[in-house]
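I set out to record how one chain is built, how one helix of its partner is placed, and how the two chains meet. My entries follow in the order in which I looked things up.

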Amino acid sequence: MAVSLREYRARIKSTESMKKITRAMELIAASRIIKAQQRAQSAAPYARELTRAVSAVATYSNVDHPLTQEPENPTRAAVLIVTSDRGLAGAYSSSVLKEAERLAERLREEGKEIQTYICGRKGEAYYKFRDRPVVASWTGFSDQPSYEAAHEIGTTLIDAFLDKDGEHAVDEVHVVFTRFRSMLVQEPTDVRLLPLEVVEGEEKPENGDVLPLYEFEPSPEAVLDGLLPQYVQSRIFFALLQAAASELAARQKAMKSATDNADELIKKYTRIANQARQAGITQEISEIVGGVNALADAQSGE
Amino acid sequence: MADNDQLQVELVAADRTVWSGQASMVVAKTADGDIGILRNHMPVLSLLVDGVVEITPVDGEKIFGAVDGGFLSVANNRVSILSQFALLSDEIDVDQARAELESAQADSDADDAADRVRRAEARIRAYERAS
């Protein structure tokens, strides 16, 4: 009896220390999420100006660029999956991976061959465990992505897209990442990155309506050439930043419920431990009483 | 919007706004050569090469920034200078830039050596012009 009481006490203790850990992780995630949002905000002006410039060029000149051309018969698609480096973030990584599976299924139905690119150690582990081929993967920056990382990923994907006959040549590029809607809602989404569609930004002028008539230096083609890769990279950077904020929010949520669960568990164990202690006392008393009675019976029988 | 001889200038890097404010003149280095921008300049979209951007603010001293490529857009007296990486002269670690320049010159076989040399030079120049 005493053994089990001691066991319960040990369990309570370990749950308590676990609770301390999850609570600390919750607080860390909460403070990092603010930083992640600030980073996303400070990256916004660049994306905005870039989008504006790209749509200005697209509006004023009818230049065909390799990055905007729709291939006639797309047969190969690249998918970039943005997952986290670390776990303990609830269903964060698995829901991105699930979304990626859905996208892959759809692309396969359209008759496209899929090449996978991965960001984050969790996705890498998932693919490695299932022994699926991955063309390239990048890890180590999932909760605070730098622009350099986006630059590198962008260059790789653009090269794959522009490559016509190489081993890893693709006709379109998709990105699967988690969009940060709010602290409570993060949804895994997929977007087609290439061929480019300039969607946001300055509206196309109505006939006769005038936007500033830009002069392009050295030429519209050259400007577009310089702009579009940067535009792609900034889109990837945006996806990475969103994913980072989502990861932290998911982690905060997961750690919060872990802390709550630990609280519950501690309560439950305390009750059981108290019961065990009382049962022990009761048994001891009845043993003593029983012993006294037996002694009295023996003496009276003499 | 300013109504005398001012421009609204923004120098933006990929992950932050490096400098923004009112200025009377901007000088930048484009693919075609240096371009100077005053108020009422015609709308221009132009590619920049790695180099120094000089901003003359309405009050205060001239500002020098090093940019790694990027582009410049001018419209309605708004000047936006966008670059993936941009640094103001007082943020530049000149010793590090010099070391980078040397190491880039040392392995001139690498593909990106020329780029690295140009970037490091742009930083050093921005620093030297400011001091």
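What percentage of the 131 residues in chain B do buried residues make up? I noted first that the model is a predicted one. I then found that 40% of the residues in chain B are buried.

**Entry 1: chain B**

I looked up the secondary structure of chain B and found nine strands and two helices. Read from the N terminus, the order is β-β-β-β-β-β-β-β-β-α-α. I next compared the radius of gyration of chain B, 15 Å, with the 14 Å that the globule rule gives for 131 residues; the two are close, so chain B is as compact as a globular protein of that length. Along its principal axes, the C-alpha trace of chain B spans about 50 × 25 × 25 Å. I also checked the contacts in chain B with a separation of 6 or more: 51% of them join residues 24 or more positions apart.

**Entry 2: helix α4 of chain A**

I turned to helix α4 of chain A, which covers residues 147-162 and so has 16 residues. From its first C-alpha to its last it reaches 22 Å, close to the 22 Å expected at 1.5 Å a residue.

Which residues of α4(A) are buried? I listed Tyr147(A), Ala150(A), Ile153(A), Gly154(A), Leu157(A), Ile158(A), Ala160(A) and Phe161(A). They cover an arc of only 155° around the axis, and therefore lie on the same side of α4(A). I recalled the general rule here: an α-helix has 3.6 residues a turn, so residues three or four places apart point the same way.

I then asked what the buried residues of α4(A) pack against. The partners in chain A are the strands β1 (76-82), β2 (113-119), β3 (136-138), β4 (172-180) and β5 (186-194), together with helix α5 (220-301).

**Entry 3: where chain A meets chain B**

I counted the residues in the contact and obtained 26 from chain A and 23 from chain B. On the side of chain A that touches chain B, the elements giving two or more residues are α1 (2-60), α4, β6 (215-217) and α5. The largest share of that side, ten residues, comes from α1(A). By type, the residues on that side of chain A are 17 nonpolar, five polar and four charged.

Finally, I examined how strands pair across the two chains. Strand β6(A) and strand β4 of chain B (residues 44-47) run parallel and are joined by three bridges. In this pairing I located Phe216(A) opposite Leu45(B) of β4(B).

Key: Residues numbered from 1 in each chain as written. Chains lettered and ligands numbered in written order. Predicted model: local features only at pLDDT ≥ 70, side-chain atom pairs only at ≥ 80, totals over all residues. Helix = DSSP H or I, 4+ residues; strand = E, 2+ residues; numbered from the N terminus. Rg over C-alpha atoms; globule rule 2.2 N^0.38 Å. Buried ≥ 20, exposed ≤ 12 C-beta atoms within 10 Å, placed from the backbone. Contact = placed C-beta atoms within 7 Å. Expected span 1.5 Å × (residues − 1). Arc of directions from axis to C-beta. Nonpolar A, V, L, I, M, F, W, Y, C, P; charged D, E, K, R; others polar. Pairing = 2+ DSSP bridges.
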